[in-house]
Amino acid sequence: MKSIFSALLLFAAALACRADFDPTGVFITGKTNKSALSYKPGEEMVYSFKAELGGQKADGIFLSWTRKGDDGQIARGKVPADQEAVVRTKLDKPGFVSVNVFLVDDKGKVVKQTYKDWAKKDRKRSIAYFAGTAVEPETLTDCGEPADFDAFWDRQRKRLAAVPFKDKVDLKKVKTVDGADIYAVSIPCAGPRPVTGYLNVPVNAKEKSLPAQISFFGYGNHIQRPPSRGNSRLLTLTINAHGQELGKDDAYYKQFFESIKSNGKNYAFDPKQNADPETAFFNGMALRVMRALEYLKSRPEWNGCDLTAVGGSQGGLQTMWAAALDPDVSVAKPSITWCCDLAGTQKKQRLSGGWRIQYLPALDYYDPVFLAKRIKNAKVEITRAGLGDYTCPPSGLAISYKNIASPKKSIRWVQGSDHGFVPKNSEVIVWSTMKETPGK
């Protein structure tokens with residue numbers, strides 16, 4: 001009886017400790033026995049993880065890990081959070097391994113902490129680390145492009161040319177801020193909707209005096225509002241992915257975002273729509289990218305040589321399109337590029353996450369791994385590729401980088417990073433064909 005009573009007291013103490021556990025400032029660190037992308041087939045990969053608990057006890061708190069890889073193998077384990085979690089594995093062929101580690105309680109519930117997002121709003125995120133390693137990733141290849149790939153894009157250019165835009169652009173000044181005039185712009189375009197977004201023109205800019213930049217958003221139903229800041233030294237155009245009208249009320253946007261769904265699927269995810277490359281949601285999006293670039297180049301302020309495209313995730317996808325489909329793009333800065341190597345999971349059993357568009361051959365026309373081969377002029381800086389990002393799997397990023405035809409290219413790999421999370425003081429690996437440091 002006494003031993004049972006003592007056990008109950010210890011259990012209650014453990015519960016109290018867990019209840020008092022403060023996740024603020026807690027984080028996980030990780031490392032591998034070699035540089036993450038340097039392994040050979042069959043070579044042992046050793047991952048080591050520690051929880052930095054800020055001096056707190058680890059009673060009832062654990063490091064829980066899951067290993068997955070391009071070999072289809074899965075393994076799991078768990079250790080008390082005050083111990084080091086060591087994962088030993090290997091891969092017998094070129095490809096990637098993923099080891100995700102979470103801080104969990106004794107019921108397996110992930111411990112979360114509050115943080116402030118880019119808009120300074122409180123958000124919750126899991127305390128985790130998303131590690132990855134690879135065997136000879138530079139040797140990975142795509143699954144083969146459609147035979148009529150270039151002919152398809154020639155047809156799209158003809159469709160676009162059939163819709164003139166000069167003298168038909170709706171341009172409305174919204175405000176002047178930070179030495180720049182901000183305009184709401186709507187540009188006629190082939191496809192279901194026009195290009196819409198906000199144009200930044202420095203006050204009193206002279207003809208042919210300015211470098212230009214086009215920017216794209218990540219995935220989502222974003223209500224695009226006028227920018228709060230201006231840029232007095234750069235001609236910029238930021239467009240939304242959908243061609244929605246600007247300056248409308250919330251009721252309009254609620255209805256609009258419902259209208260771009262298809263067969264009950266969120267935009268771009270409908271397999272029926274994606275069965276034909278000209279009915280796929282990406283078709284209108286790509287046409288708008290091309291038309292937006294045409295418009296930006298038509299502005300008298302553009303200097304005629306410096307044209308940068310930039311965006312992350314879905315915006316990274318559009319950035320790759322921009323550099324591939326318009327040879328005047330001089331610099332492309334995609335980050336965590338979405339939809340690379342969509343066929344890889346089905347055709348080569350490469351690992352991918354759950355949030356992934358179902359592969360259909362029609363989507364090959366929009367896949368960055370194939371469009372990368374058409375990027376011949378732009379300097380391409382892939383500013384982040386997460387080794388634990390399976391929304392945008394690292395295998396697809398590696399193939400995209402390899403396929404870029406431009407002699408100036410770089411990619412920045414970040415250990416421990418998934419699609420949104422970037423750890424501090426983690427390994428960063430840069431592949432580059434350039435002597436200068438990427439991003440400088």
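The following paragraphs describe the pocket, one enclosed strand, the nonpolar cores and the salt bridges of a predicted model.

We can begin with the empty space. Rolling a probe the size of a water molecule over the atoms shows where such space is left. In this model, the largest pocket has a volume of about 860 Å³. Its lining is made up of 33 residues, and those closest to the pocket centre are Arg125, Phe421, Val422, Pro423 and Lys424. Several strands take part in this lining: β1 (27-32), β2 (45-52), β7 (112-116), β8 (122-126) and β9 (128-135) each contribute at least two residues. The largest share belongs to β1, which provides six residues. In chemical terms, the lining is a mixture of eleven nonpolar, 14 polar and eight charged residues.

Strand β9, one of the contributors to the pocket lining, deserves a closer look. Eight of the eight residues of β9 are buried, so the strand is largely enclosed by the rest of the structure. In a regular strand the side chains alternate between the two faces of the sheet. For β9, both faces turn out to be covered: one side carries Ala128, Phe130, Gly132 and Ala134, the other carries Tyr129, Ala131, Thr133 and Val135, and all of these are buried. A pairing partner of β9 is strand β6 (residues 95-105), and the two run in the antiparallel sense over eight bridges. Within the model, Gly132 in β9 has Ser98 standing opposite.

Turning to the packing of nonpolar side chains, the largest nonpolar core has 91 residues, and the members with the most contacts inside this core are Phe96, Trp153, Phe282, Trp321, Tyr366 and Trp413. Helix α4 (residues 281-298) gives the most to this core, supplying eleven residues. A second core, separate from the one just described, holds 27 residues, including Tyr39, Met45, Leu53 and Val111.

The charged side chains come next. Side chains of opposite charge can pair when their charged atoms come close. The structure holds 20 salt bridges, and a few of them make useful examples. In the pair formed by Asp71 and Arg67, the closest N and O atoms are 2.9 Å apart. The two partners sit in contrasting surroundings: Arg67 is buried, with a relative accessible area of 4%, whereas Asp71 is partly exposed, at 28%.

Another salt bridge joins Glu278 to Arg155, with the closest N and O atoms 3.9 Å apart. This pair links distant parts of the chain, 123 residues apart: Glu278 lies in the loop between α3 (250-259) and α4, while Arg155 belongs to helix α2 (residues 149-161). Glu278 is partly exposed, with a relative accessible area of 35%, and Arg155 is also partly exposed, with a value of 38%.

A further example is the salt bridge between Lys261 and Glu258, where the closest N and O atoms are 3.1 Å apart. Lys261 counts as partly exposed at 33% relative accessibility, and Glu258 counts as partly exposed at 47%. Beyond such pairs, salt bridges with shared partners connect Asp142, Glu145, Asp150, Lys373 and Arg374 into one network.

Notes. Residues are numbered from 1 along each chain as its sequence is written. This is a predicted model: local features need pLDDT of at least 70, side-chain atom pairs count only at pLDDT 80 or more; totals for chains, interfaces and linings use all residues. Side-chain values use heavy atoms; hydrogens and water are left out. On a 1 Å grid over the protein atoms alone, a cavity is a set of points where a 1.4 Å probe fits but cannot get out, and a pocket is an open set with protein on both sides within 12 Å along at least five of seven lines; lining residues have an atom within 4 Å of a point. Grid points are joined across faces, edges and corners, and a volume is the space filled by probe spheres set on the points. Helices (H or I, at least four residues) and strands (E, at least two) are DSSP runs, numbered from the N terminus. Ala, Val, Leu, Ile, Met, Phe, Trp, Tyr, Cys and Pro count as nonpolar, Asp, Glu, Lys and Arg as charged, and the others, Gly among them, as polar. Buried means under 20% relative accessible area, exposed over 50%, partly exposed in between (1.4 Å probe, protein chains only). Two strands pair if DSSP finds at least two bridges between them. A nonpolar core is a set of buried Ala, Val, Leu, Ile, Met, Phe, Trp, Tyr and Cys residues joined through side-chain atoms within 4.5 Å. A salt bridge is a side-chain nitrogen of Lys or Arg within 4 Å of a carboxyl oxygen of Asp or Glu.
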